[in-house]
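Q: Take a close look at one part of this model for me: the surroundings of the ligand. Start there and follow the strands outward.

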Amino acid sequence: MASFGFRYDYTMRRLEEADPIPKWLGSIIEKVEAFGGRGTRIGQVLCTEYDVGVGIGWHRDKPHFDRVFGLSLGSACKFRFRRPAYTKWERFTLEARPRSIYMMSGPSREVWEHSIPAVEAQRYSITFRTMAAKS
Ligand SMILES: O=C(O)CCC(=O)C(=O)O
């Protein structure tokens with residue numbers, strides 16, 4: 001896992017500056033920003049490798065970030081969402097195909113949690129985040 005721009009320090013529970021976003025990501029970021037529409041400025045990038053059997057548990061991304069874009073590479077994965085619905089969970093699963101991108105914004109960021117079950121084949125993701133406005 002490698003963070004660029006900023007990284008969230010789980011021990012200090014705060015955002016820290018990380019290495020600058022590498023130049024080779026520049027043309028991909030341009031495409032992500034175009035996909036995000038006017039005013040989209042990516043401030044943080046996270047590159048993640050999922051070995052066979054590795055996934056990620058239920059969570060929402062930190063509030064320091066606003067929108068999250070995820071580029072899937074390698075194998076496909078089930079990108080699961082859940083939100084509380086009375087005594088149960090309402091669920092939704094997105095098939096994140098290789099070379100596809102998803103965007104999480106609004107309720108998918110702030111209300112729904114997401115997780116990825118253990119992958120059956122190597123997967124990589126590059127996630128791109130815009131920064132939340134400082135309050
Ligand atoms: O690998 C991904 O596409 C998403 C990873 C994730 O859940 C996250 O960065 O919050």
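A: Two strands count as paired when DSSP finds at least two bridges between them. Keep that in mind for the sheet below. The model is predicted.

Start with the ligand. The residues around it are Leu46, Thr48, Ile56, Asp61, Gly70, His114, Ile116, Ser125 and Thr127. Three elements give two or more residues each to this shell: strand 4 (42–50), strand 10 (113–116) and strand 11 (123–131). By class, the shell holds 3 nonpolar, 5 polar and 1 charged residue.

Now take two of the shell residues, Ile56 and Ile116. They are bridge partners, with Ile116 sitting in strand 10. Strand 5 and strand 10 run antiparallel and are joined by 2 bridges. Both belong to an open sheet of 4 strands, ordered 5-10-7-8, with antiparallel pairing. Strand 5 (56–59) and strand 8 (88–96) form the edges, each pairing on one side only. On average, neighbours in this sheet are turned by 20° against each other, direction ignored.

Next, strand 11. Ser125 and Thr127 are among the residues around the ligand. Strand 11 pairs with strand 6 in the antiparallel sense, over 8 bridges. In that pairing, Arg123 of strand 11 stands opposite Gly74. Strand 6 also runs antiparallel to strand 9 (residues 101–104), joined by 4 bridges. There, Phe69 stands opposite Met103 of strand 9.

How enclosed is strand 6? Of its 10 residues (65–74), 7 are buried, so the strand is largely enclosed by the rest of the structure. Buried here means 20 or more other C-beta atoms within 10 Å of the residue's own.

That leads to the core. The largest nonpolar core has 11 residues: Val32, Ile42, Val45, Leu46, Phe65, Val68, Phe69, Leu71, Met104, Ile126 and Phe128. Strand 4, strand 6 and strand 11 each supply at least two of them. Strand 6 gives the largest share, 4 residues.

Phe128 is a good place to look inside this core. Leaving aside neighbours within four places in sequence, Phe128 is in contact with Ile29, Val32, Ile42, Val45 and Phe69.

One residue links the two pictures. Leu46 is around the ligand, and Leu46 is also a member of the core. Strand 4 and strand 11 likewise appear twice: each gives two or more residues to the ligand shell, and each supplies at least two residues of the core.

Note on methods: Residues are numbered from 1 along each chain as its sequence is written. This is a predicted model: local features need pLDDT of at least 70, side-chain atom pairs count only at pLDDT 80 or more; totals for chains, interfaces and linings use all residues. A residue is near a molecule or strand if its C-beta atom, placed from the backbone, lies within 6 Å of it. Ala, Val, Leu, Ile, Met, Phe, Trp, Tyr, Cys and Pro count as nonpolar, Asp, Glu, Lys and Arg as charged, and the others, Gly among them, as polar. Axes are lines fitted to C-alpha atoms, for helices over the stretch in contact, and angles run from 0 to 180 degrees between N-to-C directions. A residue is buried if 20 or more other C-beta atoms lie within 10 Å of its own, exposed if 12 or fewer, and partly exposed in between; C-beta atoms are placed from the backbone. A nonpolar core is a set of buried Ala, Val, Leu, Ile, Met, Phe, Trp, Tyr and Cys residues joined through C-beta atoms within 7 Å. Two residues are in contact if their C-beta atoms, placed from the backbone, lie within 7 Å.
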